[in-house]
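Here is a friendly walk through one protein model, moving from its aromatic residues to its core and then out to its surface. Please keep the sequence and the 3D view open as you read.

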Amino acid sequence: MNAIDSLSNILNTELVNVNCKYCLLKGMDKVPYTTKGVKARPNVKEDFVDIMTIAESDNLEEYACLGISVQASNISAIDVDHCFTTPFDVNSGDDRAKDII
């Protein structure tokens, strides 16, 4: 599956929250980009857009996935990447992860 197929699959699922604000991500580098192809600034709400703006972008083939703006979407997030020994396995969490969960 190529990157555009993956992004299209994401856009066509119920996992997408219409109330959130999104950006685009190239590969797995986690660097956010605007729909205009410039790096999105995490502290600038205007760099993140609604899902319909993402879906209508002309340059989706350049990106692999979506990023969600915590600030622009008024949601909370905790980064626990390094709290688990096995990705997606809740049981592999260390004490920090267990405290959060």
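Rings of Phe, Tyr and Trp (for Trp, the six-membered ring) are taken as a pair if their centres lie within 6.5 Å. With that rule, a search of the whole structure, which is a predicted model, turns up 1 aromatic pair. Its partners are Tyr33 and Tyr63, with 5.9 Å centre to centre and 50° between the planes. Planes under 30 degrees apart would count as stacked and those over 60 as edge-to-face, so this pair is classed as tilted.

Where do the two partners, Tyr33 and Tyr63, lie? Tyr33 belongs to strand β2 (residues 32-33), while Tyr63 sits in the loop between α2 and β3 (65-68), so the pair ties together parts that are 30 residues apart in sequence. Tyr33 has a relative accessible area of 12% and is therefore buried. Tyr63 is buried too, with a relative accessible area of 1%. Tyr33 has a further contact to look at: Lys26 lies over the face of its ring, at 4.7 Å from the ring centre.

**The overall fold**

Let us step back to the whole chain. The secondary structure of the protein chain comes to 4 helices and 3 strands. Followed along the sequence, these elements give the pattern α-β-β-α-β-α-α. The chain has 101 residues, and 33% of them count as buried.

**The nonpolar cores**

In soluble globular proteins, nonpolar side chains tend to be buried together. Which residues make up the largest nonpolar core here? There are 11 of them: Val16, Cys20, Tyr22, Leu24, Tyr33, Val49, Ile51, Ile54, Leu60, Tyr63 and Leu66. Strand β1 (22-25) and helix α2 (51-55) each supply at least two residues of this core. Apart from it lies another core, of 6 residues, including Cys23, Leu25, Ala40 and Cys65. Both partners of the aromatic pair, Tyr33 and Tyr63, appear in the list for the largest core.

Leu24 is a good residue to select next. It lies in strand β1, and its relative accessible area of 0% makes it buried. Leu24 and Tyr63 are 39 residues apart along the chain, yet their C-alpha atoms are separated by 6.2 Å.

**The loop between β2 and α2**

Two buried residues can be picked out in this loop. Phe48 is found between β2 and α2, and it counts as buried at 8% relative accessibility. Its C-alpha atom is separated by 8.9 Å from that of Gly67, with their positions 19 residues apart along the chain. Val44 has its place in the loop between β2 and α2 as well. Val44 is buried, with a relative accessible area of 18%; the cut-off for that class is under 20%. For Val44 and Ser69, which are 25 residues apart along the chain, the C-alpha separation is 9.4 Å.

**Salt bridges**

How many salt bridges does the structure hold? There are 2 salt bridges, and the table sets out their partners and distances.

| Acidic partner | Basic partner | Distance (N to O) |
|---|---|---|
| Asp47 | Arg41 | 2.8 Å |
| Asp94 | Arg96 | 2.6 Å |

Are the partners buried or partly exposed? In the bridge between Asp47 and Arg41, Asp47 is buried, with a relative accessible area of 10%, whereas Arg41 is partly exposed at 46%. In the bridge between Asp94 and Arg96, Asp94 counts as partly exposed at 26% relative accessibility. Arg96 is likewise partly exposed, at 46%.

**A nonpolar patch on the surface**

Now turn the view to the outside. Ile68, Val70 and Ile75 form a nonpolar patch on the surface, and together they have about 220 Å² of accessible area. Ile75 is placed in the loop between α3 (70-73) and α4 (95-100). Why does Ile75 count as partly exposed? Its relative accessibility is 36%, and the partly exposed class covers values between 20% and 50%.

Conventions:
Residues are numbered from 1 along each chain as its sequence is written. This is a predicted model: local features need pLDDT of at least 70, side-chain atom pairs count only at pLDDT 80 or more; totals for chains, interfaces and linings use all residues. Side-chain values use heavy atoms; hydrogens and water are left out. Patches are made of residues with over 30% relative accessible area and no salt bridge: like charges are joined within 9 Å, nonpolar side chains (Val, Leu, Ile, Met, Phe, Trp, Tyr) within 5 Å. Accessible areas come from the Shrake-Rupley method with a 1.4 Å probe; for residues, only the protein chains shown count as cover. A salt bridge is a side-chain nitrogen of Lys or Arg within 4 Å of a carboxyl oxygen of Asp or Glu. Buried means under 20% relative accessible area, exposed over 50%, partly exposed in between (1.4 Å probe, protein chains only). A nonpolar core is a set of buried Ala, Val, Leu, Ile, Met, Phe, Trp, Tyr and Cys residues joined through side-chain atoms within 4.5 Å. A charge sits over a ring if NZ of Lys or CZ of Arg is within 6 Å of the ring centre and within 35 degrees of the ring normal.
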